[in-house]
There are 2 protein chains.
Amino acid sequence: MTTISIIGSGNMAAAIGTRAAKHGHAVEFMSRNNAKAQALADQIGNGATVGTFGARPAGGIVILAVLYSGAVEVVKHYGDALTGKTLVDITNPFNVDASGVVTTPGNSVSEQIAAAAAEDAHVVKAFNTIFGGVIAQDKPTDVFFAGDSAEAKSRVAAFLESLGMRPLDAGGLKMAHALEWAGILLVGLASNGAGFDIAFGAELL
Amino acid sequence: MTTISIIGSGNMAAAIGTRAAKHGHAVEFMSRNNAKAQALADQIGNGATVGTFGARPAGGIVILAVLYSGAVEVVKHYGDALTGKTLVDITNPFNVDASGVVTTPGNSVSEQIAAAAAEDAHVVKAFNTIFGGVIAQDKPTDVFFAGDSAEAKSRVAAFLESLGMRPLDAGGLKMAHALEWAGILLVGLASNGAGFDIAFGAELL
């Protein structure tokens, strides 16, 4: 069991938090909307708690379950409170019609977060190529992730495995942009016949 | 049975041509290197033939199995000989270390080919997110594709199904750039532990 801190109180926060709690983790929600975080913690139960938005998270893994447009600001707001933490960026910086991303190569949200974060914090991109509704189904799925810190990646991989997911390493943090485009591809496939109950996988033949 | 024309005589031409011939299609190779195309046709057998590079292809589906850097030039060289054809762009415009692509949103190789092609030719991006070695294994896999012409896409989807593959529509041709980034992601996963015997899939849960 690990303590997992989740910043945010929306759909992805709920999906990841529910699955983490179900698999025995202590989940802490932190949100600008404290009432919503409390409602989420109450709904999930299993000892889920609410922390103060902006204070030092209890978990070694901190999941940034906020919209991409606010992620850097949130990390700056936390500042040194994130020292030593593994920050998981799950954001999808989609443009208006989800035909592309608003980030550019070398400047993915993950890389922006890494630049803004406390020096000892390490960013891992994960969960952005899997629908919240699929996470909530609690079935085995593959999860792609990327990051520069081997230690942070190994921590996230162990967390994913504990959720019944198969972590697949895509490489360094510069691969986060490829993951952002994979988010676009996933929505493209879902919207063009495959439906939203799909999960990306990398089948070993 | 359909006639499939393949422009190129490299690894991807061999992999797709072999699989197509095995599944009953008449395969025509066209290459600047005529001797190499002939050797490939001989090796594959099953009635595989060689056409003249630059002449009108026999197949309704024409697979551009050339390097990305030469694809637009080849299409220009063919000119009106490609009128009415379904052009399949399989290219991966990787940068030097395969950490990104050299194309930009709205200017994928597929879109460049569409702009250069005969007016009545329709471009479909496909096969770029699956390794040649995996195609050659002749196992069931998913194949992502994108294009603006419903008719061309339906033709390509039927061809993919005939090869024992599951075609998954990612949307219009502007999604070709997302597919190009998916090629990067595939190589990233393969190089970081998953190995090169993997195939992308979109599992229905």
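How many residue pairs are in polar contact across the interface of chain A and chain B? In this predicted model, the rule finds 9 such pairs, both residues of each being at pLDDT 80 or more. The tour below begins at that interface and then moves into each chain.

**Stop 1: the two chains together**

Display chain A and chain B in separate colours. A rotation of 180°, with 0.0 Å of shift along its axis, superposes chain A on chain B with an RMSD of 0.0 Å. That is the relation of a two-fold axis. To locate the axis from the side of chain A, select A:Gly201, whose C-alpha is the nearest to it in that chain, at 2.5 Å. The same surface serves both copies, since 100% of the contact residues of chain A recur in chain B.

**Stop 2: the interface**

Select next the residues in contact: 35 come from chain A and 35 from chain B. Between them the two chains bury about 2,900 Å², and 70% of this area lies on carbon and sulfur atoms. Show A:Trp181, A:Leu185 and A:Leu205 as sticks. These residues supply 23% of the area that chain A buries against chain B, more than any other three residues.

Charged pairs may be examined here as well. There are 2 salt bridges between chain A and chain B. For one of them, select B:Lys174 and A:Asp97, whose side chains meet at 3.2 Å, N to O.

Which elements of chain A each supply at least two residues of the side that touches chain B? They are β8 (166-169), α7 (176-194) and β9 (198-204). Select α7(A) in particular, for the largest share of that side, 11 residues, comes from this helix. By class, the side of chain A that touches chain B has 21 nonpolar, 8 polar and 6 charged residues.

**Stop 3: the strands that pair across the chains**

Select residues 198-204 in both chains. Strand β9(A) is joined to β9 of chain B by 7 bridges, and the two strands run antiparallel. To follow one of the pairings, centre the view on A:Leu204, whose bridge partner in β9(B) is B:Ile198.

**Stop 4: the sheet within chain A**

Hide chain B and colour the strands of chain A. An open sheet of 8 strands appears in the order β3-β2-β1-β4-β5-β6-β7-β8, with mixed pairing. The edges are taken by β3 (49-50) and β8, each with a single partner strand, so one side of each is left without a neighbour in the sheet.

Within this sheet, select β6 (residues 122-126) and β7 (residues 142-147) of chain A, which pair in the antiparallel sense over 3 bridges. A:Lys125 stands opposite A:Ala146 in β7(A).

**Stop 5: a salt bridge along a helix**

Move to helix α6 (residues 150-162) of chain A, where A:Glu151 and A:Arg155 lie 4 residues apart, about one turn of the helix. Their side chains meet in a salt bridge at 3.9 Å, N to O. Over all chains, a search of the whole structure finds 14 salt bridges.

**Stop 6: the sheet within chain B**

Restore chain B and colour its strands. Here 8 strands form an open sheet in the order β3-β2-β1-β4-β5-β6-β7-β8, and the pairing is mixed. Select β1 (residues 3-7) and β4 (residues 61-64) of chain B, two strands that run parallel and are joined by 4 bridges. To finish, select B:Ile7, which stands opposite B:Leu64 in β4(B).

Notes:
Residues numbered from 1 in each chain as written. Chains lettered and ligands numbered in written order. Heavy atoms only, no water. Least-squares fit on C-alpha atoms with pLDDT ≥ 70 in both. Contact = heavy atoms within 4.5 Å. Buried area = accessible area lost by both parts, 1.4 Å probe. Salt bridge = Lys/Arg side-chain N within 4 Å of Asp/Glu carboxyl O. Polar contact = N/O pair within 3.5 Å; in protein donor to acceptor, adjacent residues only side chain to side chain. Nonpolar A, V, L, I, M, F, W, Y, C, P; charged D, E, K, R; others polar. Pairing = 2+ DSSP bridges.
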